[in-house]
Amino acid sequence: MAKIAGSEPKEERQMKAKFPGFKKCVAMMRARDPATQEDGFHWPRPHAGEHVHELIGEFGQEKDHGLRCWLLELIGLAKSPAAFEFLAGQLRSADERFRFWAISGLKNLDTKEARTLLWEARSYTFGSPAETETFRSELEAVLKQQS
């Protein structure tokens with residue numbers, strides 16, 4: 001059976017097209033149109049390692065919480081040792097979502113240093129017992145996931 005042109009899933013079509021560049025992707029993530037935002041997030045995923053320093057810089061300047069979470073997720077997907085210190089800092093963030101993406105990123109990094117830090121993080125405490133329990137539950141859930 002012949003494939004109809006344009007019948008592939010959107011992500012598959014997108015990956016076949018040329019990467020528009022890091023700056024263009026960040027601009028797309030800031031667009032008002034949700035589909036454009038999603039495209040801007042998905043384009044740099046396979047290129048995150050090449051742009052880890054730029055991603056960290058954008059995270060530091062960004063005010064929008066959702067976009068900061070996306071940037072943090074991309075930093076974790078980079079699997080770059082250059083992101084270790086940044087992710088380690090976010091592991092102690094006051095923001096629960098930032099902590100989650102830091103855990104995920106450190107697990108993806110999968111270096112001895114990252115694994116040791118995640119092991120030590122099991123003893124971290126936060127502002128309330130409930131917040132500490134949530135952190136520990138998320139930590140254990142992420143660590144149990146298959147890579």
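**Notes on an all-helix predicted model**

1. **Chain-level contacts.** Of the contacts in the chain between residues at least 6 apart in sequence, 60% join residues at least 24 apart. The model is predicted. The chain has 147 residues, and 43% of them count as buried.

2. **Elements.** The chain holds 9 helices and 0 strands. Read from the N terminus, the order is α-α-α-α-α-α-α-α-α.

3. **Helix α7, geometry.** Helix α7 covers residues 96-109, which makes 14 residues. From first C-alpha to last it reaches 20 Å. That is close to the 20 Å expected at 1.5 Å a residue.

4. **Helix α7, burial.** How many of the 14 residues of α7 are buried? The count is 11, so the helix is largely enclosed by the rest of the structure. The buried set is Phe 98, Arg 99, Phe 100, Trp 101, Ala 102, Ile 103, Ser 104, Gly 105, Leu 106, Lys 107 and Leu 109. Two of the names deserve a second look: Arg 99 and Lys 107 are both in the buried set, and both count as charged.

5. **What covers α7.** The cover over its buried residues includes α4 (52-61), α5 (65-77) and α6 (84-90). It also includes α8 (112-121) and α9 (129-144). Points 8 to 10 give residue-level views from the loop between α5 and α6, from α6 and from α9.

6. **The start of α7.** Asp 95 sits at this end of the helix. One of its side-chain oxygens comes to within 2.8 Å of the backbone nitrogen of Arg 97.

7. **The residue after α7.** Asp 110 follows the helix. Its phi is positive, near 55 degrees, and the residue is not a glycine. Asp 110 belongs to the loop between α7 and α8. Is Asp 110 buried or exposed? Its relative accessible area is 47%, so it is partly exposed; the cut-off for exposed is over 50%.

8. **The loop between α5 and α6.** Lys 79 and Ser 80 make a useful pair to inspect. Lys 79 lies in this loop, and Ser 80 lies there too. Lys 79 is exposed, with a relative accessible area of 52%. Ser 80 is buried, at 12%. Lys 79 is not a glycine, yet its phi is positive, about 55 degrees. Leaving out neighbours within four places in sequence, Ser 80 is in contact with Val 52 and Leu 109. Leu 109 is one of the buried residues of α7.

9. **Gln 90 in α6.** Gln 90 is placed in helix α6. Its relative accessibility is 13%, so it counts as buried. Which residues does Gln 90 touch, not counting those up to four places away in sequence? They are Phe 59, Leu 72, Phe 98, Arg 99 and Ala 102. Among them, Phe 98, Arg 99 and Ala 102 are buried residues of α7.

10. **Glu 138 in α9.** Glu 138 is found in helix α9. At 17% relative accessibility, this residue counts as buried, the cut-off being under 20%. Beyond four places in sequence, Glu 138 is in contact with Glu 96, Arg 97, Phe 100 and Ile 103. Glu 138 and Glu 96 are 42 residues apart in sequence. Their C-alpha atoms are 9.8 Å apart in space.

11. **Trp 119 in α8.** Trp 119 is in helix α8. Is this residue buried or exposed? Trp 119 is exposed, with a relative accessible area of 57%. Its C-alpha lies 9.8 Å from that of Glu 140. The two residues are 21 apart along the chain.

12. **The α2 and α3 pair.** Helix α2 spans residues 22-29 and helix α3 spans residues 34-42. They pack at an angle of about 145 degrees, and their axes are 7 Å apart. The crossing is left-handed. On the α2 side, the contact is made by Cys 25, Met 28 and Met 29. On the α3 side, Thr 36, Gln 37, Asp 39, Gly 40 and Phe 41 take part. By class, the contact has 4 nonpolar, 3 polar and 1 charged residues.

Conventions. Residues numbered from 1 in each chain as written. Predicted model: local features only at pLDDT ≥ 70, side-chain atom pairs only at ≥ 80, totals over all residues. Heavy atoms only, no water. Helix = DSSP H or I, 4+ residues; strand = E, 2+ residues; numbered from the N terminus. Expected span 1.5 Å × (residues − 1). Buried < 20%, exposed > 50% of the residue type's maximum accessible area, 1.4 Å probe, protein only. Contact = heavy atoms within 4.5 Å. Polar contact = N/O pair within 3.5 Å; in protein donor to acceptor, adjacent residues only side chain to side chain. Axes fitted to C-alpha atoms, helices over the stretch in contact; angles between N-to-C directions. Left-handed = near helix turned anticlockwise from the far one by under 90°.
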